[in-house]
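Reader: Before we discuss particular contacts, please show me the sequence and the structure, so that I can follow each answer in the model itself.

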Amino acid sequence: MTRYEFLKSMGFQGGALMALLASCQSNDPTPTSTTSSSSSSSSSSSSSSGTTSGSTSGSGTSSGASSSTLLASVDLTATANAALKNSGGYIIVNSIVVARTAQNTYVAATQTCSHEPKKKVTFLNGEFFCSEHGARYSTTGVGLNSYGAKGLTVYTVTVNGNTLEIS
């Protein structure tokens, strides 16, 4: 759960929420919430429209069992997840963007932008993109422009048959 989500769940909103978030921000441009574990093959691809359903999160693709806590799983055969059949396709599940970057390679990141806590992050042209102010992030969560300087939280995605396991 992000700081933004936690504060909202505690009932903070509007100016009070923004004041709390602003007082907690670091001036350090390096992302502190990015997990390692990324074997990404970043093929550029055309954008696809996203679909929201299920439960998921992830970055990097591996095979076999994961020792991390399972956050979610995505059934690749489910109709609601059909966007993941094509490179560049993505879905949004429980505020997590899950995208296919190449044959059997998937990445996942939080939908909440680190520039401003808005749930506007999608997957476009092989990278995570926030439509609110144009923040751009690599598939490993590294900021690609000044708006994305704080990085983006990414998760580990494991392919297990027709299921993506996100931790």
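Reader: How many aromatic pairs does the count come to?

Author: This is a predicted model, in which local features need pLDDT of at least 70 and side-chain atom pairs count only at pLDDT 80 or more, whereas totals for chains, interfaces and linings use all residues. Residues are numbered from 1 along each chain as its sequence is written, and side-chain values use heavy atoms, with hydrogens and water left out. Rings of Phe, Tyr and Trp (its six-membered ring) pair if their centres lie within 6.5 Å, and planes under 30 degrees apart count as stacked, over 60 as edge-to-face and the rest as tilted. By this rule the count comes to one aromatic pair.

Reader: Which arrangement do the rings of F123 and F128 have: stacked, tilted or edge-to-face?

Author: A pair of aromatic rings is described by the distance of the centres and the angle of the planes. F123 and F128 are both buried, where buried means under 20% relative accessible area, exposed over 50%, and partly exposed in between (1.4 Å probe, protein chains only). Their ring centres are 5.2 Å apart and their planes stand at 70°, so the pair is edge-to-face.

Reader: Which residue of β7 does F123 stand opposite?

Author: Helices (H or I, at least four residues) and strands (E, at least two) are DSSP runs, numbered from the N terminus, and two strands pair if DSSP finds at least two bridges between them. By that rule β6 pairs with β7 (residues 127–130) in the antiparallel sense, over four bridges. Across this pairing, the residue of β7 that F123 stands opposite is F128.

Reader: Which strands stand at the edges of the open sheet that contains this pairing?

Author: Strands of a sheet pair through backbone hydrogen bonds, either parallel or antiparallel. The open sheet has three strands in the order β6-β7-β8, with antiparallel pairing. Each edge strand has a single partner strand, so one side of each is left without a neighbour in the sheet, and these edge strands are β6 (121–124) and β8 (136–137).

Reader: How many salt bridges does a search of the whole structure find?

Author: Side chains of opposite charge can pair when their charged atoms come close. The criterion used here is a side-chain nitrogen of Lys or Arg within 4 Å of a carboxyl oxygen of Asp or Glu. With this criterion, a search of the whole structure finds two salt bridges.

Reader: Which residue does K120 meet in a salt bridge, and where do the two partners lie?

Author: The side chains of K120 and E132 meet at 3.6 Å, N to O. The pair links distant parts of the chain, 12 residues apart, with K120 in the loop between β5 (105–110) and β6 and E132 in the loop between β7 and β8. K120 is partly exposed at a relative accessible area of 35%, and a value of 30% also makes its partner partly exposed, that partner being E132.

Reader: In the salt bridge of E127 and R136, what is the distance from N to O?

Author: E127 counts as buried at 15% relative accessibility, whereas R136 is partly exposed, with a relative accessible area of 31%. Their side chains meet in a salt bridge whose N to O distance is 2.4 Å.

Reader: Why do C113 and C130 form no disulfide?

Author: A disulfide is counted here as a pair of cysteine sulfur atoms within 2.5 Å, and by this rule the count comes to zero disulfides. Both residues are covered, since C113 is buried with a relative accessible area of 4% and C130 is buried with one of 2%. The closest cysteine sulfur to that of C113 is in C130, and it is too far for a bond, at 3.7 Å.

Reader: Where does N125 lie, given that its phi is positive?

Author: Most residues other than glycine have a negative phi, and most peptide bonds are trans. N125 has a phi near 55°, and at 47% relative accessibility N125 counts as partly exposed. Its place is the loop between β6 and β7.

Reader: Is S95 buried or exposed?

Author: S95 is not a glycine, yet S95 has a positive phi of about 65°. Its place is in the loop between β3 (90–93) and β4 (96–102). At 18% relative accessibility, S95 counts as buried.
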